[in-house]
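Reader: I'd love a close look at one part of this model, with the geometry, the contacts and the exposure values set side by side. Could you pick one helix, follow it through its packing, and then move out to whatever else is worth a look?

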Amino acid sequence: MPEKTDLIGEGKAKKIYATDDPTKLIFYFKDDATAFNAQKKGSIESKGELNLLISARLFRLLESEGIDTHFIEEKNEREMLVERLEIIPIETVVRNIVCGSLQKRTGHPEGEELVRPIVEFYYKSDELGDPMINDDHCLVFDWATHGELEEIRHQAHAVNTVLKPFMAERGILLVDFKLEFGRTHDGRVLLGDEICPDTCRFWDSKTHKKLDKDRFRHDLGDVEGAYQEIARRVTN
């Protein structure tokens, strides 16, 4: 089993360690919380443990449905062993219900269910505020090939097709979610990063109570309770 070596990177929610296998990494999940491109910062108790637990469960679900991911296994309650990826600098957002920036851009009311899912691309850059982009930007600036964009879209819809009913069975509306993809050493495009209340909007199906990082973003309170509730429903 690969062993952790050097710290090679640190993001807003995770530390990334190399291993003695050059094709594998270890993600360490932190309790740090940020919002609005790190303009708001804080900490959520046990967030790292809960996000790892939720992500591992959902990655295993996706793998069981034929969607390949970078997930290999949990090393402990804070660390996940993953395939090493060259991250494609595009954040892929899948939307099922109007909320957040989609509401601001379109004027449609929050909570309106979309007639079909919308897939959006954003350039992964904190300095630029993760601006929304289209296929032409990706191709002209060589962020991804045409084939990679097609594969990313296909996988994004496939993830939604699996997660949406899984969440619905547990009384959760999958409002929208962010995905990141990367290239393996042999050129395959795999789903990476994490899938958790940091990267998804989850609402209770009956009450529409927000059970995700929006509780931190907008000072709604009971942030830890929301993460714990999602972990409980997803893992039961």
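Author: Happy to! One term first: a crossing is called left-handed if the near helix is turned anticlockwise from the far one by less than a right angle, and right-handed if it is turned clockwise. Please keep in mind that this is a predicted model.

Let's start with helix H1, which covers residues 47–64, and its packing on helix H6, residues 223–235. The angle between the two is about 25°, and their axes are 10 Å apart. Angles under 35 degrees count as roughly parallel, so H1 and H6 are roughly parallel to each other. As for the hand, H1 passes H6 in a left-handed crossing. On the H1 side, the contact is made by Lys47, Leu50, Asn51, Leu53, Ile54, Arg57 and Leu58. Facing them from H6 are Tyr227, Gln228, Ile230, Ala231, Val234 and Thr235. Sorted by character, the residues of this contact are eight nonpolar, three polar and two charged.

H1 also packs against helix H4, residues 146–168, and here the angle is about 120°, with the axes 10 Å apart. That angle makes H1 oblique to H4. The crossing of H1 and H4 is right-handed. From H1, the contact draws on Arg57, Leu58, Leu61 and Leu62, while H4 supplies Val159, Val162, Leu163, Phe166 and Met167. This contact of H1 with H4 has eight nonpolar residues, no polar ones and one charged.

Leu58 is a good residue to zoom in on. This leucine is found in helix H1. Its relative accessibility is 0%, and since buried means under 20%, Leu58 counts as buried. Setting aside residues up to four places away in sequence, Leu58 touches Leu163, Phe166, Met167, Ile195 and Val234. For a sense of distance, the C-alpha atoms of Leu58 and Ile152 are separated by 18 Å, with their positions 94 residues apart along the chain.

Moving outward from H1, Glu194 offers a next stop, as Asn51 is among the residues in contact with Glu194. Glu194 sits in the loop between strands S12 and S13. Although it is a loop residue, Glu194 counts as buried, at 4% relative accessibility. Its side chain makes a polar contact of 2.8 Å with the side chain of Lys14. Beyond its neighbours within four places in sequence, Glu194 is in contact with Ala13, Lys14, Phe29, Asn51, Ser55, Phe59 and Thr199.

Arg95 is another charged residue to inspect, this one in strand S8, residues 86–97. Arg95 is buried, with a relative accessible area of 4%. The side chain of Arg95 makes a polar contact with the side chain of Glu120, at 2.8 Å. Its wider surroundings, not counting residues up to four places away in sequence, hold Ser101, Leu102, Arg105, Leu114, Arg116, Pro117, Ile118, Glu120, Tyr122, Val175, Asp176 and Arg201.

Now for some loop residues with greater access to their surroundings. Asp186 has its place in the loop between strand S11 (172–183) and strand S12 (189–191). With a relative accessible area of 47%, Asp186 is partly exposed. Its side chain takes part in a polar contact with the side chain of Thr184, at 2.3 Å. Another polar contact, of 3.4 Å, joins the side chains of Asp186 and Arg188. Across the fold, the C-alpha atoms of Asp186 and Lys12 are 28 Å apart, and the two residues are 174 residues apart along the chain.

Finally, a pair of backbone angles for your list. His208 has a phi near 65°, a positive value in a residue other than glycine. His208 lies in the loop between strand S13 (200–204) and helix H5 (214–217), and is partly exposed with a relative accessible area of 37%. Asp222 likewise has a positive phi in a residue other than glycine, near 50°. The loop between H5 and H6 is where Asp222 is found, and at 45% relative accessibility Asp222 counts as partly exposed. That brings us back to H6, the helix that packs roughly parallel to H1.

Conventions. Residues numbered from 1 in each chain as written. Predicted model: local features only at pLDDT ≥ 70, side-chain atom pairs only at ≥ 80, totals over all residues. Heavy atoms only, no water. Axes fitted to C-alpha atoms, helices over the stretch in contact; angles between N-to-C directions. Helix = DSSP H or I, 4+ residues; strand = E, 2+ residues; numbered from the N terminus. Parallel < 35°, antiparallel > 145°, perpendicular 65-115°, else oblique. Contact = heavy atoms within 4.5 Å. Nonpolar A, V, L, I, M, F, W, Y, C, P; charged D, E, K, R; others polar. Buried < 20%, exposed > 50% of the residue type's maximum accessible area, 1.4 Å probe, protein only. Polar contact = N/O pair within 3.5 Å; in protein donor to acceptor, adjacent residues only side chain to side chain.
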